[in-house]
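Me: Mind walking me through one residue and the strands around it? Here's what I'm looking at.

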Amino acid sequence: MSRRRKEFPEESARIRDMTVDGRGIADTVGKSAFIDGAISGETARFRRQHSHSNYDEALLLEVIEPSADRISPAC
């Protein structure tokens, strides 16, 4: 039998900092979430994908409030 993946709900949080590999760090109830594509100073909507003992990895769904450091691509 295959294991069923746990479905995580969508969440939103303010990104407080960034990791050395470029993921945004959001402090949420319980533990931190590392979010690919989010940068510090933003408010983002995300969904957790992988759970670890001290942190979770998450997928960015939407940038609700962009950071002043975010730039649009030229093309």
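**One arginine and its strands**

Reply: Sure. Keep in mind that this is a predicted model. Let's start with Arg47, which sits in strand 4, residues 43-51.

Me: Is Arg47 buried, partly exposed or exposed?

Reply: Its relative accessibility comes out at 28%. Buried would need under 20% and exposed over 50%. Because 28% falls in between, Arg47 counts as partly exposed.

Me: Which residue has its backbone oxygen 2.9 Å from a polar atom of the Arg47 side chain?

Reply: Start from the contacts of Arg47, leaving aside neighbours within four places in sequence: Glu7, Phe8, Pro9, Glu10, Ala58, Leu59 and Leu61. One of these offers its backbone oxygen at 2.9 Å from a polar side-chain atom of Arg47, and that's Phe8.

Me: And which residue is the bridge partner of Glu10 in strand 4?

Reply: Glu10 falls within strand 1, residues 10-18. Strand 1 pairs with strand 4 in the antiparallel sense, over five bridges. In strand 4, the partner of Glu10 is Arg47.

Me: What does Ile15 stand opposite in strand 2?

Reply: Strand 1 also pairs with strand 2, residues 24-27, again antiparallel and over three bridges. Across that pairing, Ile15 faces Ala26.

Me: Which residue in the turn between strand 1 and strand 2 has a positive phi?

Reply: Those two strands make a hairpin, with five residues between them. In the turn, a phi of about 90 degrees belongs to Gly22.

Me: How far apart in space are Arg47 and Ile35?

Reply: In sequence they're 12 residues apart. Going C-alpha to C-alpha, the distance is 8.8 Å.

Definitions and conventions:
Residues are numbered from 1 along each chain as its sequence is written. This is a predicted model: local features need pLDDT of at least 70, side-chain atom pairs count only at pLDDT 80 or more; totals for chains, interfaces and linings use all residues. Side-chain values use heavy atoms; hydrogens and water are left out. Helices (H or I, at least four residues) and strands (E, at least two) are DSSP runs, numbered from the N terminus. Buried means under 20% relative accessible area, exposed over 50%, partly exposed in between (1.4 Å probe, protein chains only). Contact means heavy atoms within 4.5 Å. A polar contact is a pair of N or O atoms within 3.5 Å; within protein, one must be able to donate a hydrogen and the other to accept it, and residues adjacent in sequence count only if both atoms are side-chain atoms. Two strands pair if DSSP finds at least two bridges between them.
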